[in-house]
Amino acid sequence: MQCQCTWTCCESKMLKPSAFGSSFTSSALLSFSKHLHTISITDSVNTRRRGISTTCPRYPSLMASLSTVSTNQSDTIQKTNLQPQQVAKRLEKFKTTIFTQMSMLAIKHGAINLGQGFPNFDGPDFVKDAAIQAIRDGKNQYARGHGVPEFNSAIASRFKKDSGLEVDPEKEVTVTSGCTEAIAATILGLINPGDEVILFAPFYDSYEATLSMAGAKIKCITLRPPDFAIPIEELKSTISKNTRAILMNSPHNPTGKMFTREELNVIASLCIENDVLVFSDEVYDKLAFEMDHISIASLPGMYERTVTMNSLGKTFSLTGWKIGWAIAPPHLTWGVRQAHSFLTFATCTPMQWAATAALRAPETYYEELKRDYSAKKAILVEGLNAVGFKEVGVVAIPTSVFYLNPEDGKNLVRFTFCKDEGTLRSAVDRMKEKLRRK
């Protein structure tokens, strides 16, 4: 007979393996997950002798009405009444991310996924080979907290080529587990509860969630189609001496907007006037099509008040590696590193060595990358221009989730084109078949 109990914890006390006796692990399986725990005990185990009883008197969290079902091999006892999900109040409003939801729906319905922005093609061989070599060379233990020295230097060199700014790789570069962690470390390290932070909507969904975790007061300025230009007068009336920071993203996700030099100059002027910091997410800097990317840190008077955040994933089609970084002057880097130390402490060592090789790629790599993505973009834009919308088996992202006021995004959807050309053409063909305008 096999006895199986499944439950969710309803007490703050965690079960300890020692409670079941030192020999428990040799004859029983104790499995923990985020939401439910399962104990499976074979008939060779004397459960009462091992400290377990079916009523579990020592652990009220296990007490519940049990139902018995038969299997071909044994009887199974299962607890069926699950407890309500629990979450801190600051995160109550946030659900499963829209990217996860839509990717799950794509799988469920056999749809082509143009929603979540991960490539369905692999990164360059020379970078993957560098990762394999680093693993074989034994570079597999904890890295230095703020980054492998060679990688920090590669980041600083790349930043100088891109922005003209020379930074100290030891004092001004912090390696993080993806740009999302760079964002979190920056916010949690530099924002206090009650601090006012300005966002431009629509925005990447982690911005609002992380600011909520920090206890920030969010003020939002909406960028509206067709050009998603910054409403300058609204920005001037919103920013004040009470504003701690502006969190911005250019090239912009999800609209693709590029902040113009004129817009950046206005932001810079207002930040200097009101002593405001800028947190600049620039993960798409190598995927700029209509104009050249400008890092706001490169504008006069802005480096000393800017944290520039970036990552490897988008540029090298290696999103699963989660390699990111934050560049900031020493007085801001201190806060970023303090938070980083207690979030992840260090980032994957062999992947940092591989990322070093990636950032040292010749300029021809970036030129080819832009050509490839320009061709993919053309396929999707042509297809979207040819059709309207209804259910056709292609997943996009509804942009209402990227606004504080969901109504602002109700008429927009977000498509990604970081897919191979065959996938993009298949998606366009599906849309044309079902939606071609009459």
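This briefing walks through a nonpolar core, one well-covered helix and its neighbours, and a single serine. Please keep in mind that the model is predicted. A good place to begin is helix α11, which spans residues 349-359 and packs against both α4 and α3.

**The largest nonpolar core**

- The largest nonpolar core has 100 residues, and the members that touch the most others are F200, I246, I267, F279 and L312.
- Helix α12, residues 363-386, is the biggest contributor to this core, giving seven residues.
- Leaving aside residues up to four places away in sequence, F279 touches T186, I187, L190 and I191, then A245, I246, L247 and M248, and also V307 and M309.

**Helix α11 and what covers it**

- Nine of the eleven residues of α11 are buried, so the helix is mostly covered.
- The buried residues are T349, P350, M351, Q352, A354, A355, T356, A358 and L359.
- Their cover includes the helices α3 (125-136), α4 (149-163), α9 (313-316) and α12, along with the strands β7 (173-176) and β13 (324-327).

**Where α4 meets α11**

- The axes of α4 and α11 are 9 Å apart, and the two helices pack at an angle of about 25°.
- Because angles under 35 degrees count as roughly parallel, α4 is described as roughly parallel to α11.
- The crossing of these two helices is left-handed.
- On the α4 side the contact is made by E150, F151, A154, I155 and R158, and on the α11 side by Q352, W353, A355, T356 and L359.
- Sorted by class, this contact has six nonpolar, two polar and two charged residues.

**Where α3 meets α11**

- The axes of α3 and α11 come within 8 Å and cross at roughly 145°.
- This crossing is right-handed.
- From α3, the residues in contact are F126, V127, A130, A131, A134 and I135; from α11, they are P350, M351, W353, A354, A357 and A358.
- The contact of α3 with α11 has twelve nonpolar residues, with no polar and no charged ones.
- A general point helps in reading such lists: an α-helix has 3.6 residues a turn, so residues three or four places apart point the same way.

**A look at S426**

- S426 sits in helix α13, which covers residues 421-435.
- Its relative accessibility is 36%, and because the partly exposed class lies between 20% and 50%, S426 counts as partly exposed.
- Although S426 and I112 are 314 residues apart along the chain, their C-alpha atoms are separated by 8.0 Å.

Definitions and conventions: Residues numbered from 1 in each chain as written. Predicted model: local features only at pLDDT ≥ 70, side-chain atom pairs only at ≥ 80, totals over all residues. Heavy atoms only, no water. Core = buried A, V, L, I, M, F, W, Y, C linked by side-chain atoms within 4.5 Å. Buried < 20%, exposed > 50% of the residue type's maximum accessible area, 1.4 Å probe, protein only. Helix = DSSP H or I, 4+ residues; strand = E, 2+ residues; numbered from the N terminus. Contact = heavy atoms within 4.5 Å. Axes fitted to C-alpha atoms, helices over the stretch in contact; angles between N-to-C directions. Parallel < 35°, antiparallel > 145°, perpendicular 65-115°, else oblique. Left-handed = near helix turned anticlockwise from the far one by under 90°. Nonpolar A, V, L, I, M, F, W, Y, C, P; charged D, E, K, R; others polar.
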